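The following report goes through one structure by topic, and it is best read with the sequence and the coordinates open side by side.

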Amino acid sequence: MRKKIITMAATLLLLGLLSAVEQMAVKRLTDDAMARTQEILSLLAQNQTARGLERAREMDTWWDGEAPRVETIINHEATDDVRFTLSRLVAALEMGDRDGAFVYARELEGGIEHVLERQELSWQNLL
């Protein structure tokens, strides 16, 4: 009986540690993504669409490299939504549609927040 309790406690501790590491990885990803999105929005507000396009392309490439690292532990739908919104943002900027790009950049903010919300330890996510 004592051995089972120790095994159960060790398993719960390990799961707790893995959960904390996972939370930190997702938080780091979303914080970096949000900072990049804010930079793009700032460039668009300053009417620097060429630099905004450059940053959006860089973010798109960066996201394609970073997101798969956490997709093994989080829902793909949330990261895919960010990926699709980034594609629409880049396309809008390539077409010179600054207003549309603003909309997609704001949508991107929401998508990034959603990635983090889906991973928070809460009753809603547990159930």
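## A buried acid in helix H4

In this predicted model, Glu109 has a relative accessible area of 13% and therefore counts as buried, the limit being under 20%. The side chain of Glu109 nevertheless has a charged partner, for it meets the side chain of Arg106 in a salt bridge with a nitrogen-to-oxygen distance of 3.1 Å. Both residues belong to helix H4, which covers residues 98–119, and because they are three residues apart there, about one helical turn separates them. An α-helix has 3.6 residues a turn, so residues three or four places apart point the same way.

Glu109 is also among the residues touched by Thr37, which brings helix H1 into the picture, since Thr37 lies in that helix.

## Helix H1 and its buried threonines

Helix H1 runs over residues 2–45, and its 44 residues should span 64 Å at 1.5 Å a residue, which agrees with the 64 Å between its end C-alpha atoms. The buried residues of H1 are Glu22, Ala25, Val26, Leu29, Thr30, Ala33, Met34, Thr37, Ile40, Leu41, Leu43 and Leu44, so that an acidic residue, Glu22, stands in this list beside two threonines.

Thr37 is buried, with a relative accessible area of 0%, and when residues up to four places away in sequence are not counted, it touches Met59, Ala105, Leu108, Glu109 and Ile112. Of these contacts, the one with Ile112 joins positions 75 residues apart in sequence, whose C-alpha atoms are 9.3 Å apart in space. Thr30, at 3% relative accessible area, is buried as well, and with neighbours within four places in sequence left aside, Thr30 is in contact with Ile112, Val115 and Leu116. Ile112 thus appears in the contacts of Thr30 and in those of Thr37.

## Charged pairs and a ring

Side chains of opposite charge can pair when their charged atoms come close. The model holds 10 salt bridges, and one of them joins Arg36 to Asp32, with the closest N and O atoms 3.4 Å apart. Arg36 and Asp32 are four residues apart in helix H1 and are therefore separated by about one helical turn. Arg36 is partly exposed, at 24% relative accessible area, and Asp32, with 31%, is partly exposed too. Arg36 has a further partner, since it lies over the face of Trp62 at 4.2 Å from the ring centre; Trp62 itself is listed among the buried residues of H2. As for rings paired with rings, the count comes to one aromatic pair.

A network of salt bridges links Glu39, Glu54, Arg55 and Glu58. Within this group, the side chains of Glu54 and Arg55 meet at 3.2 Å, N to O, with Glu54 partly exposed at 41% relative accessible area and Arg55 also partly exposed, at 21%.

## Helix H2 and its kink

Helix H2 consists of 23 residues, 49–71, and reaches 31 Å from its first C-alpha to its last, close to the 33 Å expected at 1.5 Å a residue. A kink of about 30° is present in H2, and it is centred on Trp63. Trp63 is buried, as are Gly52, Leu53, Ala56, Met59, Asp60, Trp62, Ala67, Val70 and Glu71 of this helix. Met59, one of these buried residues, is also among the contacts of Thr37.

## Helix H3 and the positive phi angles

Helix H3 takes in residues 76–94, and the 27 Å between its end C-alpha atoms agrees with the 27 Å that its 19 residues should span at 1.5 Å a residue. Its buried residues include the hydrophobic positions Val82, Leu86, Leu89, Val90 and Leu93, together with Thr79, Arg83 and Thr85.

Two residues with a positive phi follow helices. Just after H3, Gly96 takes a phi of about 80°, while just after H1, Asn47 takes one of about 60°. Asn47 is a residue other than glycine with a positive phi, and it lies in the loop between H1 and H2. At 54% relative accessibility, Asn47 counts as exposed.

Notes: Residues are numbered from 1 along each chain as its sequence is written. This is a predicted model: local features need pLDDT of at least 70, side-chain atom pairs count only at pLDDT 80 or more; totals for chains, interfaces and linings use all residues. Side-chain values use heavy atoms; hydrogens and water are left out. Buried means under 20% relative accessible area, exposed over 50%, partly exposed in between (1.4 Å probe, protein chains only). Contact means heavy atoms within 4.5 Å. The expected span of a helix is 1.5 Å times one less than its number of residues. The bend at a residue is the angle between axes fitted to the seven residues ending there and the seven starting there. A salt bridge is a side-chain nitrogen of Lys or Arg within 4 Å of a carboxyl oxygen of Asp or Glu. Rings of Phe, Tyr and Trp (its six-membered ring) pair if their centres lie within 6.5 Å; planes under 30 degrees apart count as stacked, over 60 as edge-to-face and the rest as tilted. A charge sits over a ring if NZ of Lys or CZ of Arg is within 6 Å of the ring centre and within 35 degrees of the ring normal.
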